Amino acid sequence: VTGLSAQISSNSIVLNWGDLDGEGLSYGVERRSRGKEESKFAEIAKVTESTYTDSDVSSGNTYLYRVFAKNEFGTGIGSNVVPVRYIKIEAPTGPTKLTAEAIESYVSLDWEAGDDLATGYTIDRKLGSEGSFSTIGTTSTTTAFTDVTVTKGITYTYVVYASNESGNSLPSAEVTLTFD
């Protein structure tokens with residue numbers, strides 16, 4: 001087995017490795033924990049695909065992984081050992097200080113990040129102050145958005161959510177603007 005790699009997800013560690021060709025081939029995934037709980041390598045899964053998601057992880061622990069190819073003739077040479085320190089990813093704090101400004105043919109929105117955990121933002125809008133919000137756009141870590149789908153004389157209310165792989169924050173405070 002070659003190229004073992006690991007990626008931290010919201011509540012798990014995802015392992016990937018180079019797939020080998022062969023009939024009746026499976027992979028034995030082994031794990032060892034280091035830190036609060038020391039352990040020896042032990043098989044935690046037997047899979048037929050070249051990926052495995054370990055959901056039995058605790059924040060603050062370091063895990064070492066290795067993978068062995070297996071078939072009816074025995075077990076092959078193990079992969080490289082990959083250490084992963086698992087830290088649970090928290091949802092970001094909601095954006096603050098949302099402002100909206102009408103400029104000629106669009107509305108310019110700006111806000112401040114609540115913290116540095118956001119990997120993106122979702123912008124929601126509703127007509128007037130009643131009704132329900134719908135998503136009108138997203139950004140990466142940029143804290144500004146331009147709404148070009150506005151009509152003169154209409155009142156709009158906006159909110160922004162921060163997000164990462166753990167989910168969405170609470171919404172920002174609402175801001176209402178009549179586009180003139």
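**Exercise 1. Find the bridge partner in E5 of isoleucine 13. Then place the strand pair in its sheet.**

Step 1. In E5, isoleucine 13 has aspartate 54 as its bridge partner. The model is a predicted one.

Step 2. Take a second pair. Asparagine 16 stands opposite threonine 51 in E5.

Step 3. Now the strands. Strand E2 covers residues 13-16 and is joined to E5 by four bridges. The two run antiparallel.

Step 4. Widen the view. E1, E2 and E5 form an open sheet, in the order E1-E2-E5, with antiparallel pairing. Strand E1 (5-8) and E5 stand at the edges. Each has a single partner strand, so one side of each is left without a neighbour in the sheet. From one strand to the next, the twist averages 20°.

**Exercise 2. Sort the side chains of strand E5 (residues 51-54) by the face they point to. Which are buried?**

Step 1. The side chains alternate along the strand. Tyr52 and Asp54 point to one face. Thr51 and Thr53 point to the other.

Step 2. Apply the cut-off: buried means under 20% relative accessible area. Tyr52 and Asp54 are buried. Thr51 and Thr53 are not.

Step 3. Link this to the pairing. Asp54, a buried residue, is the bridge partner of isoleucine 13. Thr51, which is not buried, stands opposite asparagine 16.

**Exercise 3. Describe the sheet that holds E9, E10 and E13.**

Step 1. The sheet is open and has three strands, ordered E9-E10-E13. The pairing is antiparallel.

Step 2. Strand E9 (96-103) and strand E13 (144-147) are the edge strands, and each pairs on one side only. The twist averages 15° from one strand to the next.

Step 3. Strand E10 (residues 106-112) pairs with E13 over four bridges, in the antiparallel sense. Serine 108 has threonine 146 in E13 as its bridge partner.

**Exercise 4. Characterise isoleucine 89: where does it lie, and which residues does it touch?**

Step 1. Isoleucine 89 lies in the loop between strand E8 (82-85) and E9.

Step 2. Classify the exposure. The relative accessible area of isoleucine 89 is 23%. The partly exposed class runs between 20% and 50%, so isoleucine 89 is partly exposed.

Step 3. List the contacts, leaving out residues up to four places away in sequence. Isoleucine 89 touches Ile8, Ser9, Ser10, Asn164, Glu165 and Ser166.

Step 4. Add a distance. Isoleucine 89 and lysine 152 are 63 residues apart in sequence. In space, they are 42 Å apart, C-alpha to C-alpha.

Terms used: Residues numbered from 1 in each chain as written. Predicted model: local features only at pLDDT ≥ 70, side-chain atom pairs only at ≥ 80, totals over all residues. Heavy atoms only, no water. Pairing = 2+ DSSP bridges. Axes fitted to C-alpha atoms, helices over the stretch in contact; angles between N-to-C directions. Buried < 20%, exposed > 50% of the residue type's maximum accessible area, 1.4 Å probe, protein only. Contact = heavy atoms within 4.5 Å.
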